[in-house]
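Colleague: I am new to this structure and would like a close look at a single part of it, with the surroundings brought in afterwards. Please take your time over the answer.

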Amino acid sequence: MKTKAALFRAVGQPLEVREIELREPRPDEVLVRIAAVGICGTDLHVVKGDWDRPKPMVLGHEGAGTVEAVGEAVDGLAEGDAVVLSWAPSCGRCADCVRGRPAMCIELQRGIAAGTLPDGTTGMEADGEIVYRGTATGAFTERLTVGADVALPLGEGILLEEAALLGCAALTGVGAVLFQGRPRPGSLVLVVGAGGVGQFCVQGARIAGAAEIVCVDPLESRLEQAALLGATRTATPDTLKATMREIARDGVDVAFDAVGDPQTTALALRWTRNGGRTVLVGLPAAGERLDLDPIEFVRREKELTGSMYGSEDPRVSLPVLLEHVRSGALQLAPMVGPRFSLDDVDAAVQAALAGPPGRVIVTP
Ligand SMILES: [Zn+2]
Ligand SMILES: [Zn+2]
């Protein structure tokens with residue numbers, strides 16, 4: 001079948017919107033009419049050339065839409081169902097899959113590096129040439145076939161433009177707090193970076209009952225938004241020291257680095273109290289290394305860990321997040337930034353590169 005999609009061909013070149021050939025859904029797949037896709041830092045890493053990926057590639061992995069057709073072996077999904085896409089179509093058999101961590105699946109990770117699904121195929125072509133899928137998804141398209149295990153039902157009453165954000169930023173940010181950092185009620189929390197994932201870390205910390213949530217970012221507009229979403233104090237890198245002095249001389253119980261730059265990780269670790277935990281959430285550019293002082297871990301007993309896709313199976317964490325959306329605790333609407341049509345996807349990418357306070361959304 002044919003669909004309109006945006007192809008990334010080379011760094012510095014505009015994305016090309018054109019018709020491509022899409023494989024019909026296999027027995028265990030569904031066809032989704034994509035309604036909205038958020039642009040994630042991962043897409044921008046590829047656009048900027050931080051990570052080398054096969055091309056042409058359809059980027060976009062934070063998508064939501066409506067099921068248009070289901071394969072004959074699919075249970076539990078029907079035509080017309082609203083779904084959000086998980087970007088972890090995993091093998092289901094390896095040790096990581098079996099313990100409920102599909103985002104770590106080695107076949108998935110190989111697929112992501114190769115621009116394919118975990119089985120090595122993409123199901124996309126243009127002029128007889130393979131078209132690759134960004135983050136094992138490829139959602140900058142009007143229609144997309146995905147495994148039924150990654151089309152997660154949303155139920156009623158949630159706008160697809162808002163639901164798209166659940167697929168990556170919210171699962172990643174809120175999940176990192178609730179399932180990995182696990183601050184206790186009354187804790188002090190620091191969030192480094194107030195992009196999409198950082199704003200969701202702030203919300204996760206509020207949901208977890210943190211007493212103080214400090215958010216640091218160089219952009220005032222993002223800090224204003226973080227304050228609306230639950231940050232009790234905000235700071236730029238220059239004012240962070242003074243802000244931290246106001247709440248705790250020795251640092252926070254749990255710090256999240258939502259950026260993934262070695263400097264932001266160092267900042268998060270620096271402001272973690274003795275015996276506290278630092279959680280790396282943002283992904284660094286390829287080849288980055290950390291320069292760590294062992295004293296932080298021996299004499300100061302800090303823990304440094306990471307969180308991949310919210311440290312939980314999206315099929316488990318998404319229903320938790322949906323409960324928080326329904327109760328009003330998890331706010332999606334303020335996170336929706338400027339919207340662009342698929343034809344204007346290149347302008348959307350440029351807008352996302354500028355780092356606006358809300359998530360840039362493409363509506364195919
Ligand atoms: Zn993402
Ligand atoms: Zn696996």
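Which residues line the largest cavity?

Modeller: This is a predicted model, which should be kept in mind throughout. The lining of the largest cavity is made up of Thr-42, Asp-43, Val-46, Trp-51, Arg-53, Met-57, Leu-59, Ile-112, Arg-133, Gly-134 and Thr-135, and the space inside the largest cavity comes to about 70 Å³. Helix α1, which covers residues 41–48, gives the most to this lining, with three residues. Sorted by class, the residues of the lining are five nonpolar, three polar and three charged.

One of the lining residues, Arg-133, leads on to another part of the chain, since Arg-133 is also among the residues that Thr-145 touches. Thr-145 belongs to strand β10, residues 143–147, and has a relative accessible area of 0%, so it is buried. Besides Arg-133, and not counting residues up to four places away in sequence, Thr-145 touches Leu-22, Arg-23, Glu-24, Pro-25, Glu-29, Val-30 and Leu-31.

Of these, Leu-22 brings us to strand β2, which spans residues 16–22 and is joined by two bridges to strand β7, residues 124–126, the two strands running antiparallel. Within this pairing, Glu-21 stands opposite Glu-125 in β7. Both strands belong to an open sheet of four strands, in the order β1-β2-β7-β8, with antiparallel pairing. At the edges of this sheet stand β1 (2–7) and β8 (129–130), each of which has a single partner strand, so one side of each is left without a neighbour in the sheet.

Glu-29, Val-30 and Leu-31, also touched by Thr-145, lead to strand β3, residues 29–38, where Arg-33 has its place. Arg-33 has a relative accessible area of 25% and is partly exposed, whereas Thr-145 is buried. Leaving aside neighbours within four places in sequence, Arg-33 is in contact with Gly-65, Thr-66, Glu-68, Glu-142, Arg-143 and Pro-364. The C-alpha atoms of Arg-33 and Tyr-132, which are 99 residues apart in sequence, are 19 Å apart in space.

Thr-66, one of the contacts of Arg-33, stands opposite Ala-82 in β6, and this belongs to a pairing in which three bridges join strand β5, residues 62–70, to strand β6, residues 82–85, with the strands running antiparallel. Strand β6 is in turn joined by three bridges to strand β11, residues 151–153, again in an antiparallel arrangement, and here Val-84 stands opposite Leu-152 in β11.

Leu-152 also takes part in the lining of the second largest cavity, together with Ser-86, Ala-88, Ser-90, Pro-102, Asp-149, Val-150, Asp-313, Pro-314 and Arg-315. The second largest cavity holds about 50 Å³ of space, and its lining divides into five nonpolar, two polar and three charged residues. In all, the count of cavities of 30 Å³ or more comes to two.

An open space should be set beside these enclosed ones. The second largest pocket has a volume of about 370 Å³ and is lined by 20 residues, of which Asp-28, Pro-89, Ser-90, Gly-147 and Asp-149 lie nearest its centre. Ser-90 and Asp-149 are therefore named both there and in the lining of the second largest cavity. By class, the lining of the second largest pocket has eight nonpolar, four polar and eight charged residues.

Beyond β11, in the loop between this strand and α4 (160–163), lies Ile-158, which counts as buried at 15% relative accessibility, the cut-off for that word being under 20%. Not counting residues up to four places away in sequence, Ile-158 touches Ala-163, Leu-166, Leu-322, Val-325 and Leu-332. The C-alpha atoms of Ile-158 and Val-281 are separated by 26 Å, the two residues being 123 apart along the chain.

Last comes helix α6, residues 196–207, whose twelve residues reach 17 Å from the first C-alpha to the last, close to the 16 Å expected at 1.5 Å a residue. Ten of the twelve residues are buried, so α6 is largely enclosed by the rest of the structure; among the buried ones are Val-197, Phe-200, Cys-201 and Val-202. The buried residues of α6 pack against several elements, including α5 (169–181), β12 (188–192), α7 (220–229) and β19 (359–363). Just after α6, Gly-209 takes a positive phi of about 90°.

Key:
Residues numbered from 1 in each chain as written. Chains lettered and ligands numbered in written order. Predicted model: local features only at pLDDT ≥ 70, side-chain atom pairs only at ≥ 80, totals over all residues. Heavy atoms only, no water. Expected span 1.5 Å × (residues − 1). Buried < 20%, exposed > 50% of the residue type's maximum accessible area, 1.4 Å probe, protein only. Contact = heavy atoms within 4.5 Å. Pairing = 2+ DSSP bridges. 1 Å grid on protein atoms, 1.4 Å probe; cavity = no way out; pocket = protein on both sides within 12 Å on 5 of 7 lines; lining within 4 Å. Points joined across faces, edges and corners; volume = space filled by probe spheres on them. Nonpolar A, V, L, I, M, F, W, Y, C, P; charged D, E, K, R; others polar.
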